[in-house]
Amino acid sequence: MTSRSEKLRSVHPAWWVAAVAFLALFGAAGFRAAPGALMVPLQTEFDWSMGSMSLAVSVNLLLYGLVAPFAAALMDRFGMRQVISTALGLIALGAAGSVFMTDAWQLIAFWGLLIGSGTGSMALVLAATVAGRWFVRRRGLVMGVLTAGSATGQLVILPPVAALAEHLGWRAASLLIAATAIVVVPLVWAVVRDYPEDRGVQPFGVDPDVYAAPRRQHGGAVARALEGLTYGVRHRAFWALALAFAICGATTNGLIGIHFIPSAHDHGMASTTAAGLLAALEVFDVIGTIFSGWLTDKFDPRLLLVAYYTFRGAALCVLAAALSVAVRTTPVADR
């Protein structure tokens, strides 16, 4: 009979790397959703305007997108372990450091600069790098699962963050996010490697008779990132994808992820209830993301995007009407 340890050793290392990458994305996702649950407590304590807090979130989202190309080049130059560990450290520093805030500009430093740079250094960059280097077969599925890591982090972490913010204060919630991010670092360092050859194996699903290890990139990370961007902007496909992801980020992270809880609170709903609804949304996000990865292995991704954005636009139109039904003339305090 095969022992459990023998079964574990028989698992291709690519799956272990993917599993730890999933946990890293899970840890990074916590503070991506947390501002939505913390904006009302911050406004109550400091009397900061929603506009000033939204500015910090906007800086976060801007860096989330701008850092990604350079993070990919840094992974080539210094290695995935180093970049992922540094990114998680930035997220933990931003989350833990925010408990000492006394002025709105510090929100931009912690939420915007530190956490935006940390989350931008992973996200789709990490998912694409792991799937591209470690997998040939099941690549679309792995990409979908890793992308779902962010949604899973928000699903699992958002409700307790909202509950902590309500019962123990927003500082306790921030420290929970910091701990979630930092606890993944030892696993990243122990398991993640840059290429299958570093573990003495070939990518999962490769034909060993025709496989040739890719040439590794060397040289300045910033220069290569700028070179890649210069190449990309000359092609219409780049702008189409950039616009698609910009709309996706603005509506999902900027509109729903950040402002749904404060908006629902203003319409008389308890923050914990709104956080639960947002977590329910993330359940379907996880299912849809993994299923979408599987579909891209079988159907034209362009047709899938057309369908996705049609559903997204319809849902946003319905959301405005759904919230208007719950409007109350006097605000209801959270219980």
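User: Hey, how do helix 3 and helix 4 cross, and how far apart do their axes come?
Analyst: Hi! In this predicted model, the axes of helix 3 and helix 4 (residues 80-97) cross at roughly 130° and come within 7 Å. Angles from 115 up to 145 degrees fall outside the perpendicular and antiparallel ranges, so helix 3 is oblique to helix 4.

User: Which residues meet there?
Analyst: From helix 3 there are Ala71, Leu74, Met75 and Phe78, and they meet Met80, Gln82 and Val83 of helix 4.

User: And what's that contact like by class?
Analyst: The contact of helix 3 with helix 4 has six nonpolar residues and one polar residue, with no charged ones.

User: Okay, what about helix 3 against helix 5? What's the angle there?
Analyst: Helix 3 (residues 50-78) packs against helix 5 (residues 104-120) at an angle of about 25°, and their axes are 7 Å apart. An angle under 35 degrees counts as roughly parallel, so that is how helix 3 and helix 5 run relative to each other.

User: Left-handed or right-handed crossing?
Analyst: Right-handed, for helix 3 passing helix 5.

User: Nice. Which residues make that contact?
Analyst: On the helix 3 side they include Ser52, Leu55, Val59, Asn60, Leu63, Tyr64, Val67 and Ala71. Helix 5 contributes, among them, Leu107, Ile108, Trp111, Gly112, Ile115, Gly116 and Thr119. Ala71 of helix 3 also belongs to the group meeting helix 4.

User: How many nonpolar, polar and charged residues is that?
Analyst: By class, the contact of helix 3 with helix 5 has 16 nonpolar and seven polar residues, and no charged residues.

User: You mentioned Thr119. Is it buried or exposed?
Analyst: Thr119, which sits in helix 5, has a relative accessible area of 3%. The cut-off for buried is under 20%, so Thr119 is buried.

User: What does its side chain reach?
Analyst: The Thr119 side chain reaches the backbone oxygen of Ile115, at 2.9 Å. Ile115 is itself one of the helix 5 residues in the contact with helix 3.

User: And Thr129, where is that one?
Analyst: Thr129 is in helix 6 (residues 123-134). Thr129 counts as buried, with 14% relative accessibility.

User: What does the side chain of Thr129 reach?
Analyst: The side chain of Thr129 reaches the backbone oxygen of Val125 at 2.7 Å.

User: Which residues does Thr129 touch, leaving out those up to four places away in sequence?
Analyst: Thr129 touches Met75 and Met80. Both of those also take part in the contact of helix 3 with helix 4, Met75 from helix 3 and Met80 from helix 4.

User: Switching to loops: what's the phi of Asp47?
Analyst: Asp47 has a positive phi of about 60°, although Asp47 is not a glycine. Asp47 lies in the loop between helix 2 (13-46) and helix 3. With 66% relative accessibility, Asp47 counts as exposed.

User: What about Arg138 and its phi?
Analyst: Arg138 is not a glycine, yet has a positive phi of about 65°. Arg138 is in the loop between helix 6 and helix 7 (139-167). Its relative accessible area is 43%, so Arg138 is partly exposed.

User: Last one: how many helices and strands are in the protein chain?
Analyst: There are 13 helices and zero strands. The protein chain has 335 residues, and 41% of them are buried. Among contacts with a separation of 6 or more, 80% are between residues 24 or more positions apart.

Key: Residues numbered from 1 in each chain as written. Predicted model: local features only at pLDDT ≥ 70, side-chain atom pairs only at ≥ 80, totals over all residues. Heavy atoms only, no water. Axes fitted to C-alpha atoms, helices over the stretch in contact; angles between N-to-C directions. Helix = DSSP H or I, 4+ residues; strand = E, 2+ residues; numbered from the N terminus. Parallel < 35°, antiparallel > 145°, perpendicular 65-115°, else oblique. Left-handed = near helix turned anticlockwise from the far one by under 90°. Contact = heavy atoms within 4.5 Å. Nonpolar A, V, L, I, M, F, W, Y, C, P; charged D, E, K, R; others polar. Buried < 20%, exposed > 50% of the residue type's maximum accessible area, 1.4 Å probe, protein only. Polar contact = N/O pair within 3.5 Å; in protein donor to acceptor, adjacent residues only side chain to side chain.
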